[in-house]
Structures are given as structure tokens and as C-alpha cells.
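Work through the exercises below with the sequence and the model in view. Try each task before reading its solution.

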Amino acid sequence: MEDKSTEAIIAELKQQIGDKAKSIICEKMLEKIISLQKIHESLPSPNISIPEQDNVSSKSNQELLDCISILKSELIELLDMLKYLIIHIKLEAPGASEETPFKVSVQDEILEELKVATFNGEMMLCFFTELLKDRANVIRKSLKYPQIEDYTLGAKLDDAMRFHEFRRWLRDMEAVNALLYNLLTNNYSNLTSPLPGTLPLSHQNQSRLRLSSSPPPE
């Protein structure tokens, strides 16, 4: 059995990434939108009670931890999808002999949208750690000075605000999925083989701002 040439290995890898990206656009992005809607409806009810303290430790807010776990899981999956799409589009970049201003413009604009979404998602992941650190400081003061009512009220209000933020983040992730799905499906065929005379992405009636009613690419 002959070993595959380097070109054949690269072509096979490129095909695998392309198939994965197409699956993300055609199936997973819509599935993710529906999944996020269901998660938003089923999030645990806010628990804003101050944890009890013993001589060793103070328990965290389990409902808050459950929400963080759900959000992190969804966010990591979304980031994985976005990175696959970025790699796919870069691999589809036209060679010097086939380069056209339109094709480069479409790819650059879509890549920019994907990179912005990826950056924001990574920043959100970092925020979870800082959130727990900040909460620990608030709880520590409320437990250390139980006679100061404002510390206790502040801790409860802080937890209530976090639950509200988590619900908003789920809606944000849902919106990002919808906008990117719309952007990619409306421009999918033009991404790899643009039609002559097609307008650049920025002139396509701001299609990225509404969920496309057209079916995903076959």
C-alpha cells in the first residue's frame, strides 16, 4: 500500500474540515439556537440566600454554580464551532490566480464577524472566574459583619443580578448564533464560488440583521 502524498493528506484534511463546517452551518447552528431557547426556559430559579458558615468553610450558591456550568458548556461548544468555521474560510481563500476583490471582501467581512464573536466568547469565559472571586469577597464581608445589614443585602442583590445576567447571556448567545447563521447561509455559495455581478456583503440589505428564511446550503 502506497503512502499518501503530502498533497493528498492536505486535500483530505481540507475536505474533512469543509464537511465539518458545512455540518455546523446546515445543522448545528440551528440546533444550538433551539437548544439555547430551551435552556433559557429551564434555568433554575434564583436562590439569593446567604450560605451558612461552619468552623471550616462556607458553601457556595449551588444554583449559581449550576448556571455557570451550563453557560460554560454552551459557550465552549459555540467557540469550537466558530473556530472550525474560521479555519474553513481561511482554507477556502482564493489563490493569486483566482483572487477577486469581491471574493476577498466577502471572506474578510465574514471572518471579522466570526473573530469578534470568538473574542467576546473567550472574554466571557474569563469572566466566570472573576465573578466567583468577587462573590467570595462580598460573602466574606457579609459573614464577617452580620450586624451590618447592607453587606447581607448587597450579597443577595449581587446574586440576583448574576442570575439576570446569565439569562441575558443566553439570549446573547442565541442572537449571535442566529445572526451568524443568517450571514453564512446568505453568503455560503459566494464564499467559495462568487457569482459575477453579485454585490459585496455589506450591500446585501443588511441580511445579517435578520434570520434568513432561505434553507441552508444542500
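## Exercise 1: Cysteines

The structure holds zero disulfides (a disulfide is a pair of cysteine sulfur atoms within 2.5 Å). This is a predicted model, in which local features need pLDDT of at least 70, side-chain atom pairs count only at pLDDT 80 or more, and totals for chains, interfaces and linings use all residues. Residues are numbered from 1 along each chain as its sequence is written, and side-chain values use heavy atoms, with hydrogens and water left out.

Task: Classify C67 and C126 by relative accessible area.

Solution.
- Step 1. Set the scale: buried is under 20% relative accessible area, exposed is over 50%, and partly exposed lies in between (1.4 Å probe, protein chains only).
- Step 2. C67 has a relative accessible area of 1%, so C67 is buried.
- Step 3. C126 has 47%, so C126 is partly exposed.

## Exercise 2: A bridge between helices

Task: Find which residue pairs with K32 in a salt bridge, and state which helices hold the two.

Solution.
- Step 1. Apply the criterion: a side-chain nitrogen of Lys or Arg within 4 Å of a carboxyl oxygen of Asp or Glu.
- Step 2. K32 pairs with E74, and their closest N and O atoms are 2.6 Å apart.
- Step 3. Locate both. Helices are DSSP runs (H or I, at least four residues), numbered from the N terminus. K32 sits in helix α1 (residues 6–42) and E74 in helix α2 (residues 62–91), so the bridge ties together parts 42 residues apart in sequence.
- Step 4. Check burial. K32 is buried at 5%. E74 is buried too, at 10%.
- Step 5. Look for further partners. A network of salt bridges links K32, E74 and E77.

## Exercise 3: Bridges within one helix

Task: How many salt bridges does the structure hold? Then examine D158 with R162 and R171 with E174.

Solution.
- Step 1. The total is nine salt bridges.
- Step 2. In the bridge between D158 and R162, the closest N and O atoms are 3.6 Å apart. The two residues are four apart in helix α4 (residues 149–192), so about one helical turn separates them.
- Step 3. D158 is buried at 15%, and R162 is buried at 10%.
- Step 4. R171 bridges to E174, with closest N and O atoms 2.8 Å apart. Both lie in helix α4, three residues apart, about one turn of the helix.
- Step 5. R171 is partly exposed at 37%, whereas E174 is buried at 13%.
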